Amino acid sequence: MNSIEDKPIGFFDSGIGGTSIWKEVHQLLPNESTIYLADSKNAPYGQKSKEKIIEFSIKNTEFLLNKNAKIIIVACNTATTNAISTLRKKYDIPFIGIEPAIKPAGLITKTKKIGVLATQGTIQSDLFEQTSSSLDTTIEIIEQVGEGLVDLIEKGEIESKQMQKLLYKYLNPMIEKNIDALVLGCSHFPYLIPHIKDIIGNKIKIIDSGSAVARQTKKILTSLDILQNNKNNFTHEFYSNKNTKILSELLNNKKVKLIKQNF
């Protein structure tokens with residue numbers, strides 16, 4: 001690597017879900033090299049203690065720093081809400097987090113009722129509480145822990161009957177409470193959007209954080225003057241500590257390098 005702009009953007013997630021964020025960043029910044037770490041062996045983070053989530057996040061950060069990442073995207077809601085403040089204090093590198101897009105939902109709701117589908121670790125975090133409490137007090141947030149959804153996505157069972165059953169169980173109570181915005185508070189969940197739309201219809205707006213993260217990444221790289229403009233110099237490496245088959249199916253891209261590695 002000759003200069004900092006040639007270095008890759010680093011991503012980490014508790015598994016394969018953060019690839020939904022990677023896709024948004026890659027679409028906006030196609031010249032950038034990337035390194036993605038899928039800690040699928042420890043997924044889901046949402047059921048772990050805050051101490052464990054911080055421990056995993058530090059380990060993931062060290063891995064990406066050893067791979068020369070110039071900026072790190074914490075492509076996991078649970079890791080962001082529980083660990084990003086620790087990471088920013090510990091490391092001298094820009095971090096971009098992903099948290100439930102509650103504020104945008106608060107701006108568009110007409111019924112004053114917002115649904116949030118997230119992991120337990122995200123919903124119970126201090127950052128989630130701070131963001132939620134910043135909304136207009138007339139807005140009601142209906143929280144739902146999506147227990148079991150991440151596990152099914154990690155197994156490649158997005159189309160399964162069990163997935164359909166869980167989505168109906170989690171979404172129907174929100175529909176009955178008249179939500180008009182549904183916030184997806186986990187980077188795995190955008191892969192469920194077609195199934196979610198089948199259940200909630202077109203009157204409820206689905207909001208996730210992917211495009212906002214991509215825009216923020218471009219903004220930070222530009223402000224630091226480390227944006228990559230060379231169109232012929234990019235590489236994409238994806239590391240997983242479990243089978244890379246599901247990761248490969250989600251990416252559906254022959255130009256990426258998939259590597260199974262213990263970490």
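Contact here means heavy atoms within 4.5 Å. Keep that cut-off in mind for the exercises below, which all use a predicted model.

**Exercise 1. Place Val25 in the fold and find out which residues it touches.**

Step 1. Start with the local setting: Val25 sits in helix α1.

Step 2. Check the exposure. The cut-off for buried is under 20% relative accessible area. Val25 has 1% relative accessibility, so it counts as buried.

Step 3. List the partners. Leaving out residues up to four places away in sequence, Val25 touches Ile9, Phe11, Ile73, Ala214 and Thr217.

Step 4. Look at how far along the chain one of these partners lies. Val25 and Thr217 are 192 residues apart in sequence, yet their C-alpha atoms are 7.5 Å apart in space.

**Exercise 2. Widen the view to helix α1: which of its residues are buried, and what covers them?**

Step 1. The buried residues of α1 are Thr19, Ser20, Ile21, Trp22 and Val25.

Step 2. Their cover includes the strands β1, β2 (34-38), β3 (71-74) and β9 (236-240), together with the helices α10 (210-223) and α11 (245-251).

Step 3. Relate this to helix geometry. An α-helix has 3.6 residues a turn, so residues three or four places apart point the same way. With that in mind, try finding Ile21 and Val25, both on the buried list, in the structure.

**Exercise 3. Describe the largest nonpolar core and the contacts of Phe11.**

Step 1. The largest nonpolar core has 50 residues. Those with the most contacts inside it are Phe11, Ile73, Leu149, Leu182, Phe189, Leu192 and Ile196.

Step 2. Helix α8 (residues 161-176) gives the most to this core, with 6 residues.

Step 3. Zoom in on Phe11. Not counting residues up to four places away in sequence, Phe11 touches Ile21, Trp22, Val25, Thr34, Ile35, Tyr36, Leu37, Leu64, Ile73 and Ala75.

Step 4. Another core, of 23 residues, lies apart from the largest one; among its members are Phe12, Ile53, Tyr91 and Ile93.

Step 5. For background, nonpolar side chains tend to be buried together in soluble globular proteins.

**Exercise 4. Are Ser14 and Ile206 buried or exposed, and what does each one touch?**

Step 1. Ser14 lies in the loop between β1 (9-13) and α1 (19-28). Its relative accessibility is 4%, so Ser14 counts as buried.

Step 2. Beyond its neighbours within four places in sequence, Ser14 is in contact with Asp39, Ser40, Ala43, Tyr45, Cys76 and His188.

Step 3. Ile206 belongs to strand β8 (residues 205-207). At 17% relative accessibility, Ile206 counts as buried too.

Step 4. With residues up to four places away set aside, Ile206 touches Leu182, Leu184, Ile193, Ile196, Lys197 and Ile200.

**Exercise 5. Decide how compact the chain is for its length.**

Step 1. Take stock of the elements: the chain has 11 helices and 10 strands.

Step 2. Compare the radius of gyration with the globule rule. The chain has 18 Å, close to the 18 Å that the rule gives for 263 residues, so the chain is as compact as a globular protein of that length.

Step 3. Add the extent: along its principal axes, the C-alpha trace spans about 55 × 40 × 35 Å.

Step 4. Turn to burial and contacts. Of the 263 residues, 54% count as buried. Among contacts between residues at least 6 apart in sequence, 73% join residues at least 24 apart.

Key:
Residues are numbered from 1 along each chain as its sequence is written. This is a predicted model: local features need pLDDT of at least 70, side-chain atom pairs count only at pLDDT 80 or more; totals for chains, interfaces and linings use all residues. Side-chain values use heavy atoms; hydrogens and water are left out. Helices (H or I, at least four residues) and strands (E, at least two) are DSSP runs, numbered from the N terminus. Buried means under 20% relative accessible area, exposed over 50%, partly exposed in between (1.4 Å probe, protein chains only). The radius of gyration is taken over C-alpha atoms; the globule rule is 2.2 Å times the number of residues to the power 0.38. A nonpolar core is a set of buried Ala, Val, Leu, Ile, Met, Phe, Trp, Tyr and Cys residues joined through side-chain atoms within 4.5 Å.
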